[in-house]
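Thanks for making the time this morning. I would like to walk you through one structure, and I suggest we look at the picture together before I say anything about it.

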Amino acid sequence: MAAFTKILAMIQTLIIMLCPCLNYSVRSEEDIKLNAAIISDVHIDTRLPCGKALLKKAFKDMNGCKTPIDAAIVTGDLTNYGDKESIVDYFKIFSDTSNAAAKISAMGNHDIGHVRDLGLTNQEARDWFLKKQNEYMGTSFEKNYYSYDVNGYRFIVLCDESEDNWDTFEMYDEQIAWLDSQLADATKDGLPSFVICHEPVEGVNGQPIVWDNGAMDSDSSTKIKAVMEKYSNVFFISGHMHAGINGELTEKVLGFKCVETLNGVTYVTLPTYLLVNRFGIPWNGMGFQMEVYGEKVLFRARSFISSRWYSAYEFEVPIV
């Protein structure tokens, strides 16, 4: 049965890879200010060619947008085990395949904590990631949290700083103070800003229902939320929960959806790209096209594997 499953997966991958990426359009090409595509939890393993092929398919699909992608974003768990070879594979695929003007990656718990099984520390994993990111992306970041300005909009990437945990995100005071200063500068002219973090804060997008322990630690959650709630038009974009694409039906039945605004901050939880999801649309390959206009931010659910829109799952957030 295991051999049959592997053969079936390989056939599926070949079919998908042979299918052309369809050209697609943003909602309003004349009015768009920022065009971004977002996926999460790609879990690349250097030993598994199917996963690498499907990640290439996502970036090729994004390249097919008639309005060029300003930013391609992967919100963590870039690899399955955090091993050095898989980190290199991830960045090489991203660098070689994506045509996005900005290529943005956040580290996830699988990129940091699992390395202890390989005899490395969490910090050694962060150091290797930073080295390879700078090498392949042409950046010169000095820390694992950093920011990008794209078309005048700020993307603020956070990173877990824990030393002995593999599944609990922790942020210390220096990074939280940096986040505060970044948001103060990014929002001063009324533009939205986007915080990219692998793990969600507590209590958003159905976190206690989807996965009771699927959020960062309580202290970091409280501090991050307090900082973000000081500013207008802040979007917190994360993955980790494997929550699927959840919209009006899930909200009616269970009280949550994958894009929601709480205390002035809009929280967006991405489904996993290559592993199992819970609730809503559960299958692989899903993500969001994020389109920023003068008065709103639009999130449109898309399968970057099958090149298909899911028009029932569109979320419009006004810019205030």
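I will go from the interior to the charged pairs, and then out to a patch on the surface.

Please keep in mind throughout that this is a predicted model. In soluble globular proteins, nonpolar side chains tend to be buried together, and that is a useful thought to start from. Here the largest nonpolar core has 72 residues, and those with the most contacts inside it are Met62, Phe155, Phe288, Met290 and Phe299. If we take Phe155 and leave aside its neighbours within four places in sequence, its contacts include Leu34, Ala71, Ile73, Phe194 and Met290. Apart from this core lies another one, of 22 residues, with Leu158, Leu183, Val204 and Tyr267 among them.

Two of those contacts, Ala71 and Ile73, bring us to strand E2, residues 71-74, which is covered on both faces: Ala71 and Ile73 are buried on one side, and Ala72 and Val74 are buried on the other. Strand E2 pairs with strand E1, residues 34-39, in the parallel sense over four bridges, and within that pairing Ala36 stands opposite Ala71.

Now to the charges. Side chains of opposite charge can pair when their charged atoms come close, and the count in this model comes to 18 salt bridges. One of them joins Lys143 and Glu174, at 2.3 Å from N to O, and this pair links distant parts of the chain, with Lys143 in the loop between helix H5 and strand E4, and Glu174 in helix H6, 31 residues apart. Glu174 counts as exposed because its relative accessibility is 52%, while Lys143, at 37%, is partly exposed.

Is the pair of Glu291 and Arg300 buried or exposed? Glu291, at 0% relative accessibility, counts as buried, and so does Arg300, at 7%. Their closest N and O atoms are 2.8 Å apart, and salt bridges that share partners join Arg27, Glu291, Arg300 and Glu314 into one network.

Finally, the surface. A nonpolar patch of about 470 Å² is made by Ile209, Leu249, Val253, Leu254 and Phe279, and its largest share, three residues, comes from helix H9, residues 248-254. Phe279 sits in the loop between strand E9 and strand E10. Why can a phenylalanine such as Phe279 be described as partly exposed? The reason is that its relative accessible area is 33%, which lies between the 20% limit for buried and the 50% limit for exposed.

How values were computed. Residues are numbered from 1 along each chain as its sequence is written. This is a predicted model: local features need pLDDT of at least 70, side-chain atom pairs count only at pLDDT 80 or more; totals for chains, interfaces and linings use all residues. Side-chain values use heavy atoms; hydrogens and water are left out. Patches are made of residues with over 30% relative accessible area and no salt bridge: like charges are joined within 9 Å, nonpolar side chains (Val, Leu, Ile, Met, Phe, Trp, Tyr) within 5 Å. Accessible areas come from the Shrake-Rupley method with a 1.4 Å probe; for residues, only the protein chains shown count as cover. A salt bridge is a side-chain nitrogen of Lys or Arg within 4 Å of a carboxyl oxygen of Asp or Glu. Helices (H or I, at least four residues) and strands (E, at least two) are DSSP runs, numbered from the N terminus. Buried means under 20% relative accessible area, exposed over 50%, partly exposed in between (1.4 Å probe, protein chains only). A nonpolar core is a set of buried Ala, Val, Leu, Ile, Met, Phe, Trp, Tyr and Cys residues joined through side-chain atoms within 4.5 Å. Contact means heavy atoms within 4.5 Å. Two strands pair if DSSP finds at least two bridges between them.
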